[in-house]
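Notebook open, structure viewer running. Today I'm looking up charged pairs, hidden spaces and the ligand's surroundings.

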Amino acid sequence: MNTSEVKRNILLNPGPGTTTDTVKYAQVVPDICPREREFGDLMEEIGRDLVRVVHGDPSEYASVLFCGSGTINIDACVSSLVPQDRKILIVSNGVYSKRAAEACMAYGIEYMTLDLPTTCPADPSLIQNALEAHPEVAVVYSCHHETVSGILNPMREIGVLAHQYGAIHVVDTTSTYAMIPIDVNTDQVDVLMASAQKGLMAMTGLSFVIGKTSLFEQSRNYPVRSFYTNIYMQYSSMKKKKEMRFTPPVQTVYALRQALIEYWREGEAPKWDRHQRVWRAICEGVDVLGFRTPIQREDQSRLVLSIDYPKDPHWDFTQIHDYCFERGFTIYPGNISGNPAFRLCAYGAIDEADIHEFFRVFKAALDHFGVSVPVH
Ligand SMILES: *Cc1c(COP(=O)(O)O)cnc(C)c1O
């Protein structure tokens, strides 16, 4: 197959990221009915691999796959894991944790939010106070990496607290899974979630919840608030028949298998080193041009950099975006506490050299539109 025909774009948006040609072409397979045993075996193998990425014991943890974008996991977790007459506590310090609260509201689930500043990591002592005051909380929910700000929350501390107060620890790791090393044992995670198109550098359309099988079994007695995204129903179908209840995204599954092969080949630590190397190159490029970054660097995931718009009459994000896009680089807008900002992310199958090339193009864009450099 001639793989050189696909143009390589560098995506600096917060997922989906740049994929390898081998992952792209892994989607080109003979047609197969997903009810075939061969496909069931593939699903089972992928499910086990997804657990392995976060060091889960396969006899204790399982993967539950859904056909949808990452938000389907949020929907599945909040609608499936809260027992009758108990509450979910949502540690809320960004767009994604807020989304979980919105899902609770939509389903009429008893929830409470701990609203914290969106520009720094969640303070565990405030979570402890909330748990102390609310023994009815059965689930502590947080977002590991708030992808808009780049803030990284203290997942392990939150897990320890949840367990200390007899609650389960559910965490949205969509934008860290398979990038920042996660260990469900030491990080005290009962349930986490991610999507194929983020850390694993595969295709969009496939998402997964990984959690303790004992919890999934227990949740069979909880109210079924969503027919399509109920975790227990999907879990038991996958367990009994190695099948998702409804049609899976077949070709996306093959791409994910290839992405997992490439994940193991690159290795957990070297891959995280590469993402950090890319992030440092982004920071250096931004600093040289004089841009301001609103979030303290030490509070960040080192995967996303939020950058304030410069105060320059010639700065027009859309124009700069389009100039870069035409040359194969995608940058992404995003507000930080009401201030207009944009983002550059260290996701995907890219390395330092791609960032150097990006800044050559970005600087040319600034010059082209007359934005003075260094910016102010
Ligand atoms: C990307 C992302 C999601 C899912 O977003 P979708 O647009 O539904 O794919 C959920 N949580 C976090 C933290 C994310 O970064």
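**Entry 1: Arg292 and Asp308**

I started with the side chains of Arg292 and Asp308, which meet in a salt bridge at 2.8 Å, N to O. For a salt bridge I need a side-chain nitrogen of Lys or Arg within 4 Å of a carboxyl oxygen of Asp or Glu. Arg292 sits in the loop between α10 and β11 and Asp308 in strand β11, so this pair ties together parts that are 16 residues apart in sequence. Helices (H or I, at least four residues) and strands (E, at least two) are DSSP runs, numbered from the N terminus.

Buried or exposed? I checked both ends: Arg292 is exposed, with a relative accessible area of 56%, whereas Asp308 counts as buried at 9%. My cut-offs are under 20% relative accessible area for buried, over 50% for exposed, and partly exposed in between (1.4 Å probe, protein chains only).

A note on the model: it is predicted, so local features need pLDDT of at least 70 and side-chain atom pairs count only at pLDDT 80 or more, while totals for chains, interfaces and linings use all residues. Residues are numbered from 1 along each chain as its sequence is written, and side-chain values use heavy atoms, with hydrogens and water left out.

**Entry 2: other salt bridges**

How many salt bridges are there by this rule? I get 18.

Next I looked at Arg297, which forms one with Asp287, the closest N and O atoms being 2.9 Å apart. Arg297 is in the loop between α10 (268-288) and β11 (304-308) and Asp287 is in helix α10, so the pair ties together parts 10 residues apart in sequence. Both ends get a middle label: Arg297 is partly exposed at 28% relative accessibility, and Asp287 is partly exposed at 40%.

Then I picked Glu136 and Lys87, a salt bridge with its closest N and O atoms 3.3 Å apart. Glu136 lies in the loop between α5 (124-133) and β5 (137-143) and Lys87 in strand β3 (residues 87-92), so parts 49 residues apart in sequence are tied together. Glu136 is partly exposed at 26% relative accessibility, but Lys87 is buried at 17%.

I also noted a network of salt bridges that links Asp41, Glu44 and Lys242.

**Entry 3: cavities**

I found 2 cavities of 30 Å³ or more. A cavity here is a set of points, on a 1 Å grid over the protein atoms alone, where a 1.4 Å probe fits but cannot get out; lining residues have an atom within 4 Å of a point.

The largest cavity has a volume of about 50 Å³. Its lining has 5 nonpolar, 1 polar and 1 charged residues, and among the lining residues are Phe66, Tyr228, Gln234 and Arg245.

The second largest holds about 30 Å³ of space. Its lining divides into 5 nonpolar, no polar and 3 charged residues. Lys242, from the salt-bridge network, is one of the residues lining this second cavity.

**Entry 4: around the ligand**

Which residues come nearest to the ligand? Of the 13 around it (a heavy atom within 4 Å), I listed Ser69, Thr71, Thr147, Asp172 and Lys198 as nearest.

I then checked polar contacts (pairs of N or O atoms within 3.5 Å). A polar side-chain atom of Ser69 lies 2.5 Å from an oxygen atom of the ligand, and Thr71 has one 2.5 Å from a ligand oxygen atom too. For Lys198, a side-chain N or O atom is 2.7 Å from an oxygen atom of the ligand.

How values were computed: 1 Å grid on protein atoms, 1.4 Å probe; cavity = no way out; pocket = protein on both sides within 12 Å on 5 of 7 lines; lining within 4 Å. Points joined across faces, edges and corners; volume = space filled by probe spheres on them. Nonpolar A, V, L, I, M, F, W, Y, C, P; charged D, E, K, R; others polar. Polar contact = N/O pair within 3.5 Å; in protein donor to acceptor, adjacent residues only side chain to side chain.
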